[in-house]
Amino acid sequence: MESVSACSKLNKTLRQHYLNLPQGGKCQVTYIWIDGSGEGLRNKTRTLDEEPKSIADIPEWNFDGSSTDQSKGSDSDMYLVPVQMFRDPFILDPNKLVLCEVLKYNREPAETNRRISCNKVMEATKEHCVWFGMEQEYCLLSMDRYPYRWPKGGFPRPQGPYYCAVGADCVYGRDIVECHYKACLYAGIKICGTNAEVMPGQWEFQVGPCEGIDVADHLWVARFILHRVCEDFGLLATMDPKPIEGNWNGSGCHTNVSTKQMREEGGLKYIEQAIEKLSHRHQEHISVYDPRGGEDNKRRLTGLHETANIKDFSHGVANRGASIRIPRQVGQDGRGYFEDRRPAANCDPYSVAEAIVRTCLLEGEDVCLVY
């Protein structure tokens, strides 16, 4: 199998000619949604008579849920409800990318629509002004699903020289990373950084700080943009939590969290209270931190490669082998945020954000994480 897709080798100069044609005042809107796997993304495009000024100008649409593992063929129509609009970095202004919620025929949320539940929790706790930052790790793969630029049937040098590296012998795929970053900025994604990660061919980008539901909305669309950029280059991006077994780092989605009280003077006390609450619900969090109830994270959270063991809850200052890390600067300042290092790279950020807020800020029955 070729290392890059055949489509990526097509003449892109010809494509540019068509992209430069005027649109006659029309607008192309690409609807994006999460499919029945809980981690895959789907999309389709329609024409609007004019550029939408806000999400309210974009109509609901529908799709065949039987082809996305979201319904039966005998009753297959699903609703697409627009919730967030971004500029389209692929076919440019005035065209849009639109993130959608999925509703079933009876307008109840689809099984993988975690956004509605998450948004209710964020609204119930909005006085706390919860800020999130999510660190999305991923690995670039060739079309044979082996890490990009790894020796076929073999392995590169051991981990060590690749993290935040420079140089052709250490950095694999920077073109994709830089194009993704620029595309996210153009789209209006709150991307705040990127870096090469510990395993060769592994990268990370960060989204945030965002308040409430926005962090998950922006992360999902940033993932979509990443897959589209990889499509143009003929490679694949995987969020598998452990893409290569053995002495190689896995991929997570470390989640940074702070409330208004945590950011103020003396906020460390509230960080410690939140960590104490999290310690009592460790297994419940593990069950919603990947799409398979913790089975994916078992391969990653081993206690090795900068992870805590999946069975144990731990925390510490500047400890990347803990479940929850308090950054060194936060410990010194006595205020700031904490980092939950448990979520897998393929987590649903709605589920992660909701679980953290339920545990740390809600009481009684409202804390339940079971869907």
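In the predicted model, L92 is located in the loop that runs between β4 and β5. This residue is not a glycine, yet its phi is positive, at about 65°. With a relative accessible area of 42%, L92 is partly exposed. The same loop, between β4 (77-87) and β5 (96-103), also contains P94. The peptide bond leading from D93 to P94 is cis, and its omega is near 10°. Most residues other than glycine have a negative phi, and most peptide bonds are trans. Against that background, the loop between β4 and β5 carries a positive phi at L92 and a cis bond from D93 to P94.

Backbone features of these two kinds also occur elsewhere in the chain. A cis peptide bond connects G208 to P209, with omega about -5°. P209 belongs to a strand, β8, which covers residues 202-211, whereas P94 lies in a loop. A positive phi, near 55°, is found at C164, a residue other than glycine. C164 is placed in the loop between β6 (131-141) and α3 (174-187). The relative accessible area of C164 is 47%, so this residue is classed as partly exposed.

Aromatic contacts were examined next. The structure contains 8 aromatic pairs. One of them is formed by Y146 and W150, whose ring centres are 5.9 Å apart and whose planes stand at 90°, so the pair is edge-to-face. An angle over 60 degrees between the planes is what places a pair in that class. Y146 and W150 are both buried. Ring pairs also join these two residues with F155 and W248, giving a cluster of Y146, W150, F155 and W248.

Two tryptophan rings are accompanied by a charged side chain. Over the ring of W61 sits the charged end of K44, at 4.1 Å from the ring centre. In the case of W131, the charged end of R263 sits over the ring, 3.6 Å from its centre.

Analysis of the interior identified 3 cavities of 30 Å³ or more. The largest cavity encloses about 90 Å³ of space. Its lining consists of I34, Q70, L99, C100, E101, V102, T112, N113, R114, R115 and Y350. The element that gives the most to this lining is β5, with 4 residues. Strand β5 (96-103) is also one of the two strands flanking the loop that holds P94. By class, the lining residues of the largest cavity comprise 5 nonpolar, 3 polar and 3 charged.

The second largest cavity contains about 50 Å³ of space. It is lined by 13 residues, of which L301, A308, S323, R341 and R342 are the closest to its centre. The lining of this second largest cavity includes 4 nonpolar, 4 polar and 5 charged residues.

How values were computed. Residues numbered from 1 in each chain as written. Predicted model: local features only at pLDDT ≥ 70, side-chain atom pairs only at ≥ 80, totals over all residues. Heavy atoms only, no water. Buried < 20%, exposed > 50% of the residue type's maximum accessible area, 1.4 Å probe, protein only. Phe/Tyr/Trp six-rings, centres within 6.5 Å; stacked < 30°, edge-to-face > 60°. Lys NZ or Arg CZ within 6 Å of the ring centre and 35° of its normal. 1 Å grid on protein atoms, 1.4 Å probe; cavity = no way out; pocket = protein on both sides within 12 Å on 5 of 7 lines; lining within 4 Å. Points joined across faces, edges and corners; volume = space filled by probe spheres on them. Nonpolar A, V, L, I, M, F, W, Y, C, P; charged D, E, K, R; others polar.
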